[in-house]
Amino acid sequence: MNPHGIGMNVLEVRDLSVTYRPDVRAVRGVSLSVGRGQVLGVVGESGSGKTAVALAVLGLLPERTKVTGSVRLRGRELLDLSDGEMSRIRGKDLAMVFQDPLSSLTPVHAVGDQIAEAIRIHSGATRAAARARAVELLDLVGIPDAARRARAHPHEFSGGMRQRVMIAMAVANDPLAIVADEPTTALDVTLQAQVLDVLRTAGEAAGAAILMITHDLGMVAGFADRVLVMYAGRAVESGPVEDIYRRPRMPYTIGLLRSLPRLDGTSGRPVPIDGAPPPLNALPPGCPFTPRCPIASTACKDEEPQLLPVGRPGHAAACVNTPATRDSDAVFPLTAAPDLFTPDGPDVATRARTSREAVLDVKDLHRFHVEHRSPLGRGTGSLRAVDGVTFDIRAGETLGLVGESGCGKTTVLMEILAMTRPRHGGRIEVLGEDTADLNGAGRKALRRNVQVVFQDPFSSLDPRMRVSAILAEPLRTHGFPTEHIPDRVQELLKLVGLEPSHAGRHPHGLSGGQRQRVAIARALALEPSLILLDEPVASLDVSVQAGIIDLLEELRARLGLAYLFVAHDLAVVRRVADRIAVMHRGRIVEIGDVEHVYEAPAHPYTCALLDAVPIPDPVLERKRGRVRLPDVPPDAPRLENGCRFRQRCPRYLVLSEESRTLCDQEDPEFRAVAGEPDRMVACHYALGVSA
Amino acid sequence: MAGFLLRRLANYAVLVVLAASLAYVLAACALNPRANLMDRSPRPSASVVETELTRLNLNDRTPLPRRYLTWADGVLHGDFGHTWEGQSVNGEMWRRAWVSLRLLLGGAVLGGVLGVLLGAFGAMRRDRFPDRAATFGSYLLLSVPVFVLAVLLQYTAERVNAMTGARLFAWVGESTPGAGDGTFGGLDAFADRVRHLLLPTLTIAFGQAALYARYQRGLMLDVLGADFVRTARAKGLTRRAALLRHGLRTALIPMTTYFSYTFGMLLLGSMFTEKIFGWHGMGEWLVDSISRGDVNVVAATACFAAVTVLLAGVCSDVLYGILDPRVRTRMR
């Protein structure tokens with residue numbers, strides 16, 4: 001052991017500043033340190049500079065980026081090193097795990113070779129020895145049948161498995177420190193916890209310090225020892241994880257924690273932080289959070305506050321007004337759910353569900369994707385993307401459609417939007433009209449009533465059109481009187497909480513949240529009765545998410561809309577939806593009232609999904625025991641008979657041999673859950689269903 | 001993968017038949033061998049013209065479908081008919097195909113390799129002096145017609161020859177007659193051939209390299225900021241090693257298609273180079289036979305072109321499969 005290693009931080013960053021060309025000050029004087037075996041979480045929203053910190057530590061910033069300050073690994077300064085010298089440290093003493101496992105592995109090399117390469121670069125081991133070690137590492141990160149899988153290429157792995165490969169690569173040379181940049185953001189919730197476990201175990205095996213960079217407060221809560229919160233390129237609060245979550249002192253941190261939707265429902269309604277972060281190339285003087293801060297005073301505008309000790313030892317916050325932040329509730333007061341169903345609004349919500357008109361009725365919908373073609377062009381193998389989906393949405397109601405990526409949620413949405421006879425069977429009725437019977441004109445007329453909002457407002461708005469033109473387009477298409485269009489555009493902007501001046505802007509002149517508001521306004525232009533929302537908040541920062549969700553709820557109450565809310569985030573769905581449908585491999589496995597399903601999930605898959613959602617509270621999060629869902633690789637044989645879920649089912653595992661035969665042989669049918677109307681579940685051994 | 005290739009081959013075969021047939025019909029309609037024959041001096045008699053045309057299956061008084069069927073029947077039996085001079089097209093085509101291949105192979109390969117390296121090099125030093133110089137150079141080469149480039153090279157070679165006093169370069173034909181009679185026999189003959197190849201090879205290589213460099217630079221720029229290149233650097237590869245081992249390897253994949261097809265087209269399209277350097281290859285043959293109204297030769301060269309494109313297609317499929325594992329899975 002290195003004599004300097006004792007009692008010394010492994011990774012020490014002092015006063016780091018990063019300036020991208022031409023003059024974007026991404027990081028301004030950040031200091032941090034991580035000790036051996038410790039985990040430091042760096043938390044911030046997009047544009048806070050957290051990734052720039054990670055890349056600066058690794059020396060991987062784009063060329064001609066100005067970096068000042070100091071980065072020391074075991075006392076050795078890294079910023080002065082040339083690329084050649086740095087490359088002897090990177091991958092050996094200092095390793096990194098990147099965000100997107102789909103693009104972070106070279107597509108043309110076998111994964112075993114890619115890991116072996118990391119070993120051979122630094123140790124000069126023989127090819128055979130490095131390959132053998134690569135297989136060992138794959139085994140360590142939990143890849144089954146590692147020897148065979150080492151010869152496979154990245155596209156033959158699922159996202160979670162690829163991230164495991166990345167971790168195997170990172171720990172291949174027993175690094176001193178691992179920098180992980182959003183390692184679980186691109187993964188399904190069911191995999192996040194598992195990948196974090198792998199990272200923790202692998203990190204512990206190597207005795208490495210971990211710098212965990214993320215926007216997800218829930219994820220860090222159970223993983224990090226210390227947390228550093230970044231805003232506009234500065235560290236604004238740092239401290240032990242318990243202090244940050246339980247006693248945050250910087251208004252921004254308080255706001256971030258308050259804006260999180262939570263599964264456990266302990267902290268009331270999420271509160272949005274109004275406004276957007278300042279532009280990094282033209283920072284105003286003073287605290288950059290001032291414009292968004294509810295307790296800002298004139299002193300805030302004079303000078304940027306330093307990170308100073310506050311509260312318990314080790315806790316520091318950059319705020320001039322720390323006495324005022326002692327009580328979090330005083331900064332961002334929690335509001336009880338406002339009574340959105342105003343007397344003059346439609347009273348649809350109060351009437352019984354079944355007595356309301358069905359806005360959308362989907363019956364036994366099928367959709368296959370042909371995978372292989374025979375020489376004659378006939379489809380031979382097909383993937384059942386949607387395999388018998390049935391649900392309905394009543395007026396004024398929100399149905400949340402959840403499931404992991406690839407379960408067929410988006411395909412369902414696209415089939416509804418097509419408004420034709422479903423190609424592979426099924427029946428879709430919109431407002432009582434069967435889409436199979438529609439002609440061109442009828443379809444166009446019906447489209448007015450069904451609008452859509454997509455996930456990414458950056459790509460779903462035409463960058464060359466002004467906001468006014470974007471909002472006018474649906475009106476013009478459907479023959480809205482031209483002279484009234486400008487008024488209607490203004491009305492729509494007001495409806496979604498934008499200023500009249502926004503009409504003249506282009507989408508790139510708006511923030512992410514504002515863009516999504518434009519997308520919502522566009523969907524509202526024709527006064528539809530049903531809006532399909534495809535992950536409408538997934539690409540937004542948490543502080544903005546809450547605002548968009550509030551807007552959606554308010555609009556629903558005021559305009560009597562019905563939503564189909566497709567999402568992977570179960571906490572968000574709980575906030576928004578009345579009913580929830582859980583999809584797995586093209587089927588709905590459980591559907592019912594949100595309250596009932598979340599309180600007492602009947603299907604093992606629903607249980608596992610709920611279990612996987614992290615709670616943004618370090619104490620609660622660490623106490624939880626979790627059910628792990630095994631990840632199924634894409635080339636696993638497909639199950640044709642019996643229950644599709646049994647390969648991954650935790651309940652199947654504990655069943656006796658003879659009880660299992662039912663799961664192996666019979667496809668479970670939808671059955672009602674005792675005592676609950678409109679609650680269905682497809683499991684032979686569902687909880688609350690008499691067998 | 002074999003099944004996939006067979007399927008592709010069947011598709012290509014249909015295309016070849018269509019292309020060749022269309023080319024024949026077009027050539028038979030557009031060219032006028034009768035006029036050419038009549039223009040001969042001494043002017044042949046009408047009956048001689050008639051029998052000569054009929055013998056060569058070029059008689060425009062025979063209905064076009066009949067002529068086509070006669071030709072197609074011959075082609076199916078491996079016989080492309082006779083040239084204007086009455087020689088067999090087959091023999092001449094093979095001879096000329098080999099000449100073209102000898103002339104072009106070196107230039108195409110050299111041009112491809114040079115172009116890829118230059119493009120990758122330029123992308124890695126994007127917007128710095130080497131990149132700008134490479135960009136300027138390739139635009140210059142692309143905008144200079146081949147015949148100008150060839151003549152410039154010839155002029156330079158002449159100066160070099162004059163300065164050194166030795167015959168370093170030669171640029172007429174494939175070889176000097178009697179070159180193999182010297183002291184070293186076969187070795188001399190070989191050296192003579194290489195000498196003759198130098199200039200045309202350079203001419204072709206320059207043009208090709210300029211084109212490939214532009215494409216490769218674009219492809220390389222795409223992978224420059226790719227996540228997997230960053231991963232490779234994070235493992236401890238230097239920027240250059242990461243770009244060459246991971247970036248270039250991936251960016252090369254789309255080039256295989258481009259290279260295969262360009263080479264296929266080059267076999268016919270190098271008439272300028274062949275003419276200027278006095279090589280009697282396919283390109284020259286096509287141009288000459290069009291001006292002579294030699295329908296059979298035009299149809300045969302069109303057939304040849306179609307088959308080279310087919311082979312290029314198959315080659316690119318195979319190469320793609322070898323280089324890209326993702327395609328291999330899809331091909332199953």
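This section describes the confidence, domains, interfaces and selected local features of a predicted two-chain model.

The predicted model scores an ipTM of 0.78 and a pTM of 0.80. For chain B, the mean pLDDT is 86, and 96% of the residues reach at least 70. Within chain B, the helix with the highest confidence is α9 (residues 227-235) of chain B, at a mean of 92. The lowest value in chain B belongs to helix α15 (residues 325-331) of chain B, with a mean of 71. In general, predicted coordinates should not be read in detail where pLDDT is low.

Chain B contains 15 helices and 0 strands. Along the principal axes, its C-alpha atoms occupy a box of roughly 85 × 60 × 40 Å. Of the 332 residues in chain B, 35% are buried. When contacts in chain B are restricted to residues at least 6 apart in sequence, 69% of them link residues at least 24 apart.

The domain assignment splits chain B into domain 1 (1-84 + 295-332) and domain 2 (98-292). Domain 1 of chain B is thus written as two sequence segments, 1-84 and 295-332. A distance of 29 Å lies between the C-alpha centres of domain 1 of chain B and domain 2 of chain B. The contact between these domains involves 17 residues of domain 1 of chain B and 16 residues of domain 2 of chain B. On the side of domain 1 of chain B that touches domain 2 of chain B, helix α14 (residues 295-323) of chain B is the largest contributor, with 14 residues. That side of domain 1 of chain B is made up of 12 nonpolar, 4 polar and 1 charged residues.

For chain A, the assignment gives domain 1 (3-224) and domain 2 (230-331). The centres of domain 1 of chain A and domain 2 of chain A, taken over C-alpha atoms, are 28 Å apart. Contact between them takes in 21 residues of domain 1 of chain A and 15 residues of domain 2 of chain A. On the side of domain 1 of chain A that touches domain 2 of chain A, at least two residues each come from β2 (24-34), β3 (39-43) and α8 (217-221) of chain A. The largest share of this side, 8 residues, is supplied by β2(A). By class, this side of domain 1 of chain A comprises 9 nonpolar, 7 polar and 5 charged residues.

The contact between the chains draws 27 residues from chain A and 22 residues from chain B. On the side of chain A that touches chain B, two or more residues each are given by α2 (83-89), β6 (94-97) and α3 (111-123) of chain A. The residues on this side of chain A fall into 12 nonpolar, 9 polar and 6 charged.An open sheet of 8 strands in chain A follows the order β6-β7-β8-β3-β9-β10-β12-β11, with mixed pairing. At its edges are β6 and β11 (308-309) of chain A, each of which pairs on one side only. Strand β7 (residues 177-181) of chain A runs parallel to strand β8 (residues 209-214) of chain A, and 5 bridges join the two. Ala180(A) has Met212(A), in β8(A), as its bridge partner. Helix α6 (residues 159-170) of chain A packs on this sheet and touches β6 and β7 of chain A. The direction of helix α6 of chain A makes about 175° with that of β6(A).

Two residues of chain A other than glycine are noted for positive phi values, Met419(A) near 55° and Glu535(A) near 50°. Met419(A) is located in the loop between α12 (409-418) and β16 (427-430) of chain A. Met419(A) is classed as partly exposed because 18 C-beta neighbours lie inside 10 Å, whereas a buried residue would require 20 or more. Glu535(A) belongs to the loop between β19 (530-534) and α17 (542-559) of chain A. Glu535(A) has 19 C-beta neighbours inside 10 Å and therefore also counts as partly exposed.

How values were computed:
Residues are numbered from 1 along each chain as its sequence is written. Chains are lettered from A and ligands numbered from 1 in the order in which they are written. This is a predicted model: local features need pLDDT of at least 70, side-chain atom pairs count only at pLDDT 80 or more; totals for chains, interfaces and linings use all residues. Domain bounds come from an automatic or database domain assignment. Two residues are in contact if their C-beta atoms, placed from the backbone, lie within 7 Å. Helices (H or I, at least four residues) and strands (E, at least two) are DSSP runs, numbered from the N terminus. Ala, Val, Leu, Ile, Met, Phe, Trp, Tyr, Cys and Pro count as nonpolar, Asp, Glu, Lys and Arg as charged, and the others, Gly among them, as polar. A residue is buried if 20 or more other C-beta atoms lie within 10 Å of its own, exposed if 12 or fewer, and partly exposed in between; C-beta atoms are placed from the backbone. pLDDT is the predictor's confidence in each residue, from 0 to 100. Two strands pair if DSSP finds at least two bridges between them. Axes are lines fitted to C-alpha atoms, for helices over the stretch in contact, and angles run from 0 to 180 degrees between N-to-C directions.
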